[in-house]
Amino acid sequence: MIQHSRVAQWLVTGLVVTVTLLVVLLLGWLRVVGASQAILQEETERQRDALERIVDSADTALQGATAWVGRNCSEVNGALQAEGTLSPYFRSIWLVSHGKMYCSSVARTDQAIDMPLPNELVPLLTGTRAIFVASTPYVRDAPALAIFVPTSATDGVLGFVDGVYLTESLHSVKNSNLEWTAMTIGKLSLTSEAPTLESASVATRGAQSTLTSELFTTSLAGSPSLTRRLIANYAPIFLSFGAVIAVLLGILTFRHLSPAQFMRRQIALGIKRNEFKVYYQPVMELATGRCTGAEALVRWHHPVAGLVRPDAFIPIAEGNGLIIELTRSLLKLIRNDVAKGALPQGFHIAINLAERHLRDNTIVQDIERIYGSLNDTYPLIAEITERYVIRDSAAARNVMAELQRRGIETALDDFGAENNSIGYLKRYDFNYLKIDKEFLPVTEDDVVTRNICDSIIDLAERMGMTIVAEGVESEMQAKYLRQRNVTYAQGYLFARPISFDELVPFAIAHAGAGLTTVKQVSATVTPITPLTQPKAV
Ligand code: C2E
Ligand code: CA
Ligand code: CA
């Protein structure tokens, strides 16, 4: 028996469901990360704009003071003081000459000082240079942004923007989405967290979004509450979506791996790998003992399960439609055997058709295409079992009529096995009636079965049908059938289903008169006696 594993079916289904859920959760997480990045990016731009407004305003004020550079401090001191007081953000403004700060907006004229410029001013494209400083003249330990607008290599205007404005701006930008924000120039940063300058590498560690503008870099990190909020937003969508997808895929996988689907794939694979073989059971003419034909019966040589009997797979192949393809491949095997020309001419080959074959004309076309003119010499008989209900009687009638028109006779197989036998006789025009083996009397005193069999034989005679008795196992049964003038019989008494190579000598040996043997081996009537059986399956 071909083994289907329930454990594997459940395991693979579980695996598919788990992997699907994990993938959907990963997608959900990526969505959260993406949304978080978009929010942080927007916040960084907002922060940059706020800081730029301060720096631009200061730069503009300093540009206005460049006219006074090089002039005597006492002359411009008043104007410089007014500029430093009226312009927002400034702690002080200085005129610079020969690299020295010589005049300030906060000191009196007679106290003009001579201070060196803050080191490491970061140059800007406009020529303006800037740097964070921890202290400014007169104000100790209070960070400021030094902005220098040069007028020549050594001269220019220097302004100190109070760090408080920048820190305030960083604070005002920060909201519940953000853990911290920072502004960096060179190696120093001001952050929303502390009023003092910090090393940039320490202050901006873990930054999740960074934007560099001409003068400075803004950076920030998202808050845990932002991530929590996004997870709360997306989790219901992704979890319900994931659950639906996982359940659907789980159902599909489970069905795909079900016993029926498993068998379907095994059968399809078997057809592709030519694992199906045809065996032939001789059909004997009871009155003469001649072998007038054979019934083709399929066997599956499965590479693992070994020899599989048709009852185990024919109903499945019928259920899923593969029977059409299977019969097609058997027809090719039969054609290859019969075309060797070794059988006596006129030898009948019976094939078994299923209910599916009667739904449309495919089988008629298949027979014509594959078996073709061989039918003139070795006529086919189509056996149609009444075990399965024949659904569409009009289509079925049409298929049978088409077959008969092409010289292919029809047989009602397994007569009596189901309760619709009589109905089929009424609706369809069969040439042969095959009495199921369960209606053959097993012993001399099996009166009930004998009565039923007698009635079936009477019925067939009245309907003008030729009778074939199936499953004849004893000489007693053969004798009874001969007494009742039954025409044909098949069964283990005569021969089991055998390979084509064994069928040929059997058929020749039992050809008798009427069938022309190719080699003319036997022209005499062979009496029916239990045979020495060839190797059979
Ligand atoms: P069936 O058409 O009634 O075929 C006769 C079955 O009875 C065969 O079984 C045969 O081996 C068995 N048989 C023959 N003589 C005797 C006997 O004296 N005693 C007993 N007890 N049995 C005997 P098999 O080959 O196993 O086939 C079983 C069924 O599978 C067939 O019943 C037929 O319905 C189906 N089948 C076989 N081959 C094909 C095929 O190629 N296509 C289709 N559609 N069905 C097939
Ligand atoms: Ca049959
Ligand atoms: Ca049968």
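This report describes a calcium site and an antiparallel sheet in a predicted model.

## Calcium coordination

The calcium ion (ligand 3) takes its protein donors from Asp413 (OD), Asp414 (OD) and Glu470, the last of which is listed with two OE donors. These donors lie 2.1 to 2.4 Å from the ion. Along the sequence, the donor residues follow the spacing D-D-x55-E. Asp413 and Glu470 thereby link distant parts of the chain, being 57 residues apart. Asp413 belongs to strand S18 (residues 409–415), whereas Glu470 lies in the loop between strand S20 (466–469) and helix H14 (475–483).

Asp413 also bridges two metals, namely the calcium ion (ligand 3) and the calcium ion (ligand 2). The two ions lie 3.9 Å apart.

## Burial of the donor residues

Asp413 has a relative accessibility of 4% and therefore counts as buried, since the threshold for burial is under 20% relative accessible area. Glu470 has a relative accessible area of 11%, so Glu470 is buried by that criterion.

## The antiparallel sheet

Five strands make up an open sheet with antiparallel pairing, in the order S10-S9-S8-S12-S11. Strands S10 and S11 (209–212) occupy the edges; because each has a single partner strand, one side of each is left without a neighbour in the sheet.

Helix H1 (residues 6–65) packs on this sheet and touches S8, S11 and strand S12 (217–222). The direction of helix H1 makes about 145° with that of S12.

## Hairpins from S8 to S10

Strand S8 (residues 178–185) and strand S9 (residues 188–191) run antiparallel and are joined by four bridges. Within this pairing, Ile185 of S8 stands opposite Leu188 in S9. The two strands form a hairpin with two residues between them. In the turn, Gly186 has a positive phi of about 60°.

Strand S9 continues into a further hairpin, which leads to S10 through six residues. Two bridges join S9 to strand S10 (residues 198–199), and these strands also run antiparallel. Here Ser189 stands opposite Glu198 in S10.

Methods: Residues are numbered from 1 along each chain as its sequence is written. Chains are lettered from A and ligands numbered from 1 in the order in which they are written. This is a predicted model: local features need pLDDT of at least 70, side-chain atom pairs count only at pLDDT 80 or more; totals for chains, interfaces and linings use all residues. Side-chain values use heavy atoms; hydrogens and water are left out. Donors are N, O and S atoms within 2.8 Å of the metal (3.2 Å for Na, K and Ca); water is not among the atoms, so sites may look incomplete. Buried means under 20% relative accessible area, exposed over 50%, partly exposed in between (1.4 Å probe, protein chains only). Two strands pair if DSSP finds at least two bridges between them. Contact means heavy atoms within 4.5 Å. Axes are lines fitted to C-alpha atoms, for helices over the stretch in contact, and angles run from 0 to 180 degrees between N-to-C directions.
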